[in-house]
Amino acid sequence: EQEILRVPIYPLPAVYTPHSGENHTIVNTEPRNVQMANDLVAGKWGDRSLFCVTLRARDTHRLASVGTLMRLIDTEDRSISGARTWPGDILPTLNRVVATCQAVGIVDIINVENGHNINNNNLAESEYRIANVKLRSFTNEATKGKTEEMDSL
């Protein structure tokens with residue numbers, strides 16, 4: 001029986017394929033996603049730096065029930081400050097964190113603790129969602145069993 005993991009959830013309009021062996025880059029500009037990346041780097045979610053990427057429907061903003069468990073590898077602060085408009089007014093700082101991560105496995109999202117529908121929520125601008133997830137086991141011929149990385153979780 002796989003353990004249930006409590007991880008931050010990162011809704012995207014795209015899906016990542018696990019076990020590709022390649023790094024994925026996510027550019028975080030929304031305050032909640034910047035905060036999540038900073039919390040992962042600071043160790044708030046443990047030393048494994050795991051989070052779940054899942055599909056968000058464009059029309060209803062509902063989250064999928066399946067996601068990809070990702071491991072944060074590195075971040076780079078690419079915030080922009082001091083930019084000016086044409087008349088010379090200073091624009092507010094754009095907080096931007098570029099995260100490099102790697103897919104670990106596919107998970108079933110058991111529940112989202114602080115709301116499943118992004119449209120109807122009472123989350124603060126910098127508050128991100130948290131989900132309880134369970135890794136799926138793969139034993140078919142196509143995957144040759146679970147990967148070492150999934151076994152290490």
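This is a short dialogue on reading the features of a predicted model.

Visitor: Where do I start? How many helices and strands are there in the protein chain?

Guide: Start with the inventory. The protein chain has two helices and six strands. In sequence order the pattern is β-β-α-β-β-β-β-α.

Visitor: What share of the 153 residues counts as buried?

Guide: The share is 37%. The accessible surface of the chain is about 8900 Å². Carbon and sulfur atoms make up 47% of that surface.

Visitor: And the contacts? What part of those with a separation of 6 or more joins residues 24 or more positions apart?

Guide: That part is 70%.

Visitor: Now the interior. Which residues have the most contacts inside the largest nonpolar core?

Guide: They are Tyr-10, Ile-26, Met-36, Leu-40, Phe-51, Val-53 and Met-70. The core has 15 residues in total. Two or more residues each come from β1 (4–12), α1 (31–41), β3 (50–56), β4 (63–77) and β5 (97–112). β5 gives the largest share, three residues.

Visitor: Which residues does Phe-51 touch, leaving out those up to four places away in sequence?

Guide: Take them in sequence order. Phe-51 touches Val-7, Pro-8 and Tyr-10, then Ile-26, Met-36 and Leu-40. Further along, Phe-51 meets Thr-68, Leu-69, Met-70, Arg-71 and Leu-72, and also Cys-101. Apart from the largest core lies another one, of 14 residues. Leu-69, Val-104, Ile-109 and Leu-135 are among its members.

Visitor: How should I read a strand such as β3? Is it mostly covered or mostly open?

Guide: First, the general idea. Side chains in a regular strand alternate between the two faces of the sheet. Now the case here. β3 is mostly covered, with five of its seven residues buried.

Visitor: In which sense does β3 pair with β1, parallel or antiparallel?

Guide: Parallel, over four bridges. Tyr-10 stands opposite Val-53 of β3. With β4, the pairing of β3 is antiparallel and runs over six bridges. There, Cys-52 has Leu-69 as its bridge partner in β4.

Visitor: What is notable in the hairpin of β3 and β4?

Guide: Look at His-61. This residue takes a positive phi near 65°. The hairpin has six residues between its strands.

Visitor: Where else is there a positive phi on a residue that is not a glycine?

Guide: At Ser-49, with a phi of about 50°. Ser-49 sits in the loop between α1 and β3. Its relative accessibility is 11%, so Ser-49 counts as buried.

Visitor: Let me turn to the cysteines. How many disulfides does the structure hold?

Guide: The general idea comes first. A disulfide is a covalent bond that joins the sulfur atoms of two cysteines. This structure holds zero disulfides. Cys-52 is buried, at a relative accessible area of 0%. Cys-101 is buried too, also at 0%.

Visitor: What surrounds Cys-52?

Guide: Cys-52 lies in strand β3. Set aside its neighbours within four places in sequence. Its contacts then include Val-7, Pro-8, Ile-9 and Tyr-10. Gly-67, Thr-68, Val-107, Ile-109 and Val-133 also touch Cys-52. Ile-9 is 43 residues from Cys-52 in sequence, yet their C-alpha atoms are 4.7 Å apart.

Visitor: Last topic, charges. How many salt bridges does the structure hold?

Guide: Again, the principle first. Oppositely charged side chains can pair when their charged atoms come close. Here there are five salt bridges. One of them joins Asp-108 and Arg-136, with the closest N and O atoms 2.8 Å apart.

Visitor: Why does that pair tie together separate parts of the sequence?

Guide: Because Asp-108 is in strand β5, while Arg-136 is in the loop between β6 (129–135) and α2 (148–152). Those parts are 28 residues apart in sequence. Asp-108 is partly exposed, at 28% relative accessibility. Arg-136 is partly exposed as well, at 32%.

Visitor: What is the setting of the salt bridge between Lys-44 and Asp-39?

Guide: The closest N and O atoms are 3.9 Å apart. Lys-44 counts as exposed, at 57% relative accessibility. Asp-39 counts as buried, at 12%.

Visitor: And which residue does Glu-30 pair with?

Guide: Glu-30 forms a salt bridge with Arg-32, with 4.0 Å between the closest N and O atoms. Glu-30 is partly exposed, at 35% relative accessible area.

Terms used
Residues are numbered from 1 along each chain as its sequence is written. This is a predicted model: local features need pLDDT of at least 70, side-chain atom pairs count only at pLDDT 80 or more; totals for chains, interfaces and linings use all residues. Side-chain values use heavy atoms; hydrogens and water are left out. A nonpolar core is a set of buried Ala, Val, Leu, Ile, Met, Phe, Trp, Tyr and Cys residues joined through side-chain atoms within 4.5 Å. Buried means under 20% relative accessible area, exposed over 50%, partly exposed in between (1.4 Å probe, protein chains only). Contact means heavy atoms within 4.5 Å. A disulfide is a pair of cysteine sulfur atoms within 2.5 Å. Two strands pair if DSSP finds at least two bridges between them. Accessible areas come from the Shrake-Rupley method with a 1.4 Å probe; for residues, only the protein chains shown count as cover. A salt bridge is a side-chain nitrogen of Lys or Arg within 4 Å of a carboxyl oxygen of Asp or Glu.
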